[in-house]
Every structure is written in structure tokens, then in C-alpha cells.
Amino acid sequence: MVGGTPVTDGERLVPALTGFASILPLVESSSPAQVRRNACRLLARTAGLPWVRCLALDSDGRRLCADGSDTVYRCDDFRHPFAHVIRSGTPLLGRVNALRGRMNHPDFLAEAANLRGDWDLHCRPLRAPGAPYDWLGVWGMAGSRATLAALQGSADFAALERLLCHLWYRLLAQDRSHRQDQNLRDSLRRLREDQRSHALADSLARELIGHSPAMVRLRERLVRAADTGLAVLLQGETGTGKECVARALHRCSARRDGPFVAINCAAIPETLLESELFGHVRGAHSAATRDRAGLLSAADGGTLFLDEIGDMPPALQAKLLRVLESGRYRPLGGGRERHADIRLVSASHQPLVKLIRERQFRADLYYRLNQFPLSVPPLRDRREDIPELAEHFAVSYAAREGRPTTSLSPSALAHLASGDFPGNVRELRNQVEYACAMAPVGQPIGPELLPQTAPPESPSGIESWGAAFNLREVVRAYEARLIREKLRQFNGNRAKAALSLGLPKRTLAHKCRQLQLDGDLP
């Protein structure tokens, strides 16, 4: 009865529910740090405490850390009161002035400097429910002696502390479980990636033939390169199959559904190379009778392969660098810039670092091209692959020519395996295809059907070549010998060799390909 009026059950229930709203944020906390912050705010507000801190024990149990601060207290450093509490497992109560005199930890002294000297500091160890040795951290609070004394006998304070420990431990267990699940997912993802890499490397063995250590390493690195968007620089001698490697890289990459566009920078005259790459508008030069999209436009969304990048003119190198940096270019004679999304793969049989020293190649372009270097091994470094390659070329020739497959005899394979092959895989293929063309149907290829390597050159002059050559062969042989000598004289520097021969550099490059002299370069 209140003033003679009966009290209903609902009215009696309202005072008992007044505390639920205050603990709701605590219960709804989503992380251990949040539950600690909400518990400190709740205690400070309801008990009127001016200073409340909750320190968390780290995962290895050696340090106590404060939320929102870089302060760290070591549990074996007894210059602060929190170490005494966590080590003994018992609460600590002391006057602030007295603790300042006994404790000299710099971070604790800095914290205590903001507290009144006549206040008491009360520190309590917090442990997981039902686990007496599974410590969570330390609860510290400062205030008047009367306030702290009232808390010690308060059933509400004891309930709040138990609730804090229960929620904290539960959220820690959830975090631990989430981390384990994430670690498991990461492990499975890495396992799938490794399996995919191995599967890709194995499938590449059908394109990049050979099981020598050098080829296994090349395929593994190629798969790594394909998983990135980095520019790839292929370096290797002429005839090693750099374009085959570039095509395999494209097929393994995320751009496999886009175009693959290849161009040999040494095969196109300098005056036309820029137009070939960037395109041109009508009237840009005498041959530009209509607008033409260049190879950059054709390769948009795919891969552009620039072979013999070392032969690119310096002026064009600067324009290519801008495309790689910004993705934008301007057609020859055009006024509007265009955008090209390309993955660049370049190749060179020349040592680009040497060309940089000779000021024939831009260093900044080299560093941009060489984000992921790949070295294509010469055939002499993987002789064990020669029989497999020879059989592959024989099968390919038969399929292309519509002829029965002709096998190579063991003696023919041994003869090939002992060869030098300065022209590398290209020279091996040419020899095998020649033998396949000369072999009678149904009979294996013997060593006598393989083309014989050219005899050592005689220094005595044209007359030493004998009557077996016609005039065209004599001129070709003399020209090849002269160019070879000039290239060796200038250590493979085509610019200097061309100058000494009185030829344009492009003409010399064309003759080197025509006479198959690139493999003879030092």
C-alpha cells in the first residue's frame, strides 16, 4: 500500500530492473578491449571513482598492457604494484603517496602523478571463471578510502567483477577460435595455391619441354611471375625460345583471355617502329593514308611482347617508359591521348646492363622492365633435354606435314646430345626437321641423316672453299664470316660493328638473322 493505494506487481518490479540498462553495453561488447573499457566506465560512473584502469595480460603471460596506450608493464618487474598483484594472485591496497615512495617504475610514476596523494590505490587480479591459474589481467582503481572500503563489501561490485571476467574470457575464446579458423583457411589457401602452382608447372612441361633442373626452375619461376602483374624481362641467347616462354607466361596469367601481341624491335625499321607500336593518324607520314591503331591498342587487356628490346631507338625508349608509368600514349601525329592496359614482357639476347654503360639503353627503362627477371637457359646448359626435344620436334614435323611419325635411333639421339648448337633450340629443331624430311618412310633416323656441322673456316680466302659452292653460296659464306669477325672484334656490339662495315644498324641486324649469326655472339 502506498498512501492507502494498493501497489501492483508491475510497480514492485520497476526498482529491481533499474540496473539492467547500465550493464547492457557491457554484455553487448564485441571484443575483450571493448568489454574492459565498458566495465571501467560503468564502475567509475556508478561508484564515483575518479580513476579506473584495466590491464590485460598478453598471450605469453609476461606483460600487462593498457588499452589505448603504449604503456607496457613487465610481470617480473616489481617496481610497479601490478606485478605484485599478478604474481601473488592477491589484491593490493595502499596509499598513493606511500606507493610513490616504494615504486619507481617510470610509467607507473607518470600515472600516479595525476592522482591525489591522500587517495588509496586498490589493485585486484582478474582470472578466468573456473580456472584459478588462468589469469586475465589486473583491475586498478583509485579514490577515497571510504569509497574503496564500501566497494569491498558490495555484492554488486563482486557480481560486476565476475561478469567482467566471464565476458572477457568468453570473448578471448571466441577470438582464439576465430584466429585458428583464419589460420586454417590461410593454410588451405596456401596449399591450394601451391597445388595450383605445381599443376601449372607440370602442364607447362608440354609447352616448355625438358625436365632438366634449369627448365624445372624456369617453369616454377614463370608460374610465380604469372601470378603478378609485374613487367617481365626475359634474357637468353638467340634461339632459346624466349617467345615460347612469353606465350606460356601469358596463358598462365590472369590476362589469358586477352590478346597476346608480339613484335621484334630489331625487325622493323626505326622510322616505322614508333608507328607500329603507337599507331598513327592519317597524314602523320607519307605512308599514313588512313588512321591505324598500333600494337599497344591491339594488346589492350592482354600482353605485349617486345622481342630484342635492346635494339629499340633511344627516343622511342623514353616514350615506352611513359606508357609503362602512366598507361597513356599518343598515336603518331595525333593530338588526343589514349589509354592502354597491358602487361609488358620484353626479351633481349644482349646484356642490357652493358648497353646502359655504353649509353645505348636507358637505365630507368631497364629498371621498369626488369621487375621480374627470367633467364632462359641455353641448350648447352640442359643437354639432358635434347633427346626429349628431338622426339617432340619429330612428332610435330610429322603432324604438320601429314607424314607418318619417324623416330630417331639411339645413335642419332646420342649424336645430337653431343652437339654444340650455338643456335640453341632453334638449331636443334632445324636439324631434326631436315632429318625427318630426308628419312625414308618407316625407317628410323640415323646419325647419317642429320646435317653435318660446317667445317672450320679456312683463313686462306675464297679459293679454299672449293668448287662445291656456287657464287651465291660463296658470297653468303664470305659475308657471314666478315660479319662474324666484326661482331667478335667489338664484343657483340652491333652499333660499332655496323659502323665499321659501313652499314645501318638495322641492315646489320637483318643480315644477322638471315645468316643465323646471333648464336655466335660472345
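Two residues are in contact when they have heavy atoms within 4.5 Å of each other. In this predicted model, contacts were counted along the protein chain. Among the contacts with a separation of 6 or more, 64% join residues 24 or more positions apart. The chain holds 522 residues, and buried residues make up 42% of them. Its accessible surface comes to about 27900 Å². Carbon and sulfur atoms account for 53% of that surface. The secondary structure consists of 21 helices and 15 strands.

One open sheet was examined strand by strand. Five strands form this sheet, in the order 8-11-14-7-15, and their pairing is parallel. Strand 8 (260–264) and strand 15 (372–375) are the edge strands. Each of these two pairs on one side only. On average, neighbouring strands of the sheet are turned by 20° against each other, with direction ignored. A helix also packs on the sheet: helix 9, residues 213–226. Helix 9 touches strand 7 (232–235), strand 14 (343–348) and strand 15. The direction of helix 9 makes about 155° with that of strand 15.

The pairings within the sheet can be followed from one edge. Strand 8 pairs with strand 11 (residues 303–307) in the parallel sense, over five bridges. Here phenylalanine 260 stands opposite threonine 303 of strand 11. Further along the order, strand 7 has two partners to consider. Strand 7 pairs with strand 14 in the parallel sense over four bridges. Strand 7 also pairs with strand 15 in the parallel sense, again over four bridges. Leucine 234 appears in both pairings. Leucine 234 stands opposite alanine 347 in strand 14. In strand 15, leucine 234 has leucine 374 as its bridge partner.

The second largest pocket was then described. Its volume is about 400 Å³. The pocket is lined by 20 residues. Those closest to its centre are Leu57, Asp58, Ser59, Leu172 and Arg176. Several elements each give two or more residues to this lining: helix 3 (32–47), strand 1 (51–57), strand 2 (63–66), strand 6 (135–143) and helix 8 (155–204). Helix 8 gives the most, with six residues.

Backbone angles were considered at two loop residues. Arginine 359 is not a glycine, yet its phi is positive, at about 60°. This arginine lies in the loop between helix 14 (352–357) and helix 15 (363–369). Arginine 359 counts as exposed because its relative accessibility is 78%, and the cut-off for exposed is over 50%. Phenylalanine 421 is also a residue other than glycine with a positive phi, near 50°. Phenylalanine 421 sits in the loop between helix 17 (410–417) and helix 18 (424–438). Its relative accessible area is 5%, so phenylalanine 421 is buried; the cut-off for buried is under 20%. Thus one of these loop residues, arginine 359, is exposed, whereas the other, phenylalanine 421, is buried.

How values were computed
Residues are numbered from 1 along each chain as its sequence is written. This is a predicted model: local features need pLDDT of at least 70, side-chain atom pairs count only at pLDDT 80 or more; totals for chains, interfaces and linings use all residues. Side-chain values use heavy atoms; hydrogens and water are left out. Buried means under 20% relative accessible area, exposed over 50%, partly exposed in between (1.4 Å probe, protein chains only). Accessible areas come from the Shrake-Rupley method with a 1.4 Å probe; for residues, only the protein chains shown count as cover. Two strands pair if DSSP finds at least two bridges between them. Axes are lines fitted to C-alpha atoms, for helices over the stretch in contact, and angles run from 0 to 180 degrees between N-to-C directions. On a 1 Å grid over the protein atoms alone, a cavity is a set of points where a 1.4 Å probe fits but cannot get out, and a pocket is an open set with protein on both sides within 12 Å along at least five of seven lines; lining residues have an atom within 4 Å of a point. Grid points are joined across faces, edges and corners, and a volume is the space filled by probe spheres set on the points.
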